[in-house]
Amino acid sequence: MCRTLTTFPNSCLERAKEFKTRLGIFLHKSELSSDTGGISKFEWTSKHSKERSFSEDVLGWRESFDMLLSSKNGVAAFHAFLKTEFSQENLEFWLACEEFKKIRSATKLTTRAHHIFDEYIRSEAPKEVNIDHETRELTRTNLQAATSSCFDVAQGKTRTLMEKDSYPRFLKSPAYRDLAAQASAASSASASSCSPDEPSHT
């Protein structure tokens, strides 16, 4: 009689559970308000969830800023970090612009454009982003005939600011470095002790 045994060590499962718990704690306070386009909760998934494990997702955040922004968990973690620096409005504005571009109704586009401007762009806005006067006035002018691209310049400058300023600090933060170390350990464990045992014959 031939029998195939496939086992997964408890230690591997424990490491995976610990890693998910650690990431969960990191994301715990990262919920974004509905003003960012309805994003209020982040799940254990990413844009590449079918191809990338949780650990690969986390390690991918340091490969490029684009990789970070393409991951729901990455965006949530980055938002949590920005909150510690009181600069989360930059990411929230960028996300609001991404959702804004998906609007197809001209009426809704105009209404939403003015809402975003009042929330993030105008002087002394509740969540005013750090952009220069010329960009602010250009955006104000664009609202006279709102299109899906009316925030492109302001969004681009905000993104550049995050990529050059906040993103490097995020990667150097103790929270991310600790998380990345756990991800590396989980990834190594998955490649070794978590692999199925060789078939045994009786």
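In this predicted model, one aromatic cluster is formed by Trp61, Phe65, Phe78, Phe81, Tyr167, Phe170 and Tyr176. The count of aromatic pairs comes to ten, and two of these pairs show nicely how rings can meet. In one of them, the ring centres of phenylalanine 65 and phenylalanine 78 are 5.7 Å apart and the ring planes stand at 80 degrees; an angle over 60 degrees counts as edge-to-face, so this pair is edge-to-face. Phenylalanine 65 belongs to helix H3 (residues 65-69) and phenylalanine 78 to helix H4, so that the pair links distant parts of the chain, 13 residues apart. Both of these phenylalanines are buried.

A second pair joins phenylalanine 81 and phenylalanine 170. Here the centres are 5.7 Å apart and the planes lie at 65 degrees, so this pair is edge-to-face too. Phenylalanine 81 sits in helix H4 and phenylalanine 170 in helix H8 (residues 152-172), with their positions 89 residues apart in the chain. Phenylalanine 81 counts as buried because its relative accessibility is 11%, under the 20% limit; phenylalanine 170, at 0%, is likewise buried.

Helix H4 also packs against helix H5. Two packed helices are described by the angle and the distance between their axes. For H4 and H5, the axes come within 8 Å and cross at roughly 145 degrees. On the H4 side, Val75, Phe78, His79, Leu82 and Lys83 take part, meeting Gln88, Leu91, Glu92 and Leu95 of H5. Sorted by class, this contact holds five nonpolar, two polar and two charged residues.

The loop between H4 (72-84) and H5 (88-100) contains serine 87. Serine 87 is buried, with 12% relative accessible area. Leaving aside residues up to four places away in sequence, serine 87 touches Leu82 and Ser166.

Note on methods
Residues numbered from 1 in each chain as written. Predicted model: local features only at pLDDT ≥ 70, side-chain atom pairs only at ≥ 80, totals over all residues. Heavy atoms only, no water. Helix = DSSP H or I, 4+ residues; strand = E, 2+ residues; numbered from the N terminus. Buried < 20%, exposed > 50% of the residue type's maximum accessible area, 1.4 Å probe, protein only. Contact = heavy atoms within 4.5 Å. Axes fitted to C-alpha atoms, helices over the stretch in contact; angles between N-to-C directions. Nonpolar A, V, L, I, M, F, W, Y, C, P; charged D, E, K, R; others polar. Phe/Tyr/Trp six-rings, centres within 6.5 Å; stacked < 30°, edge-to-face > 60°.
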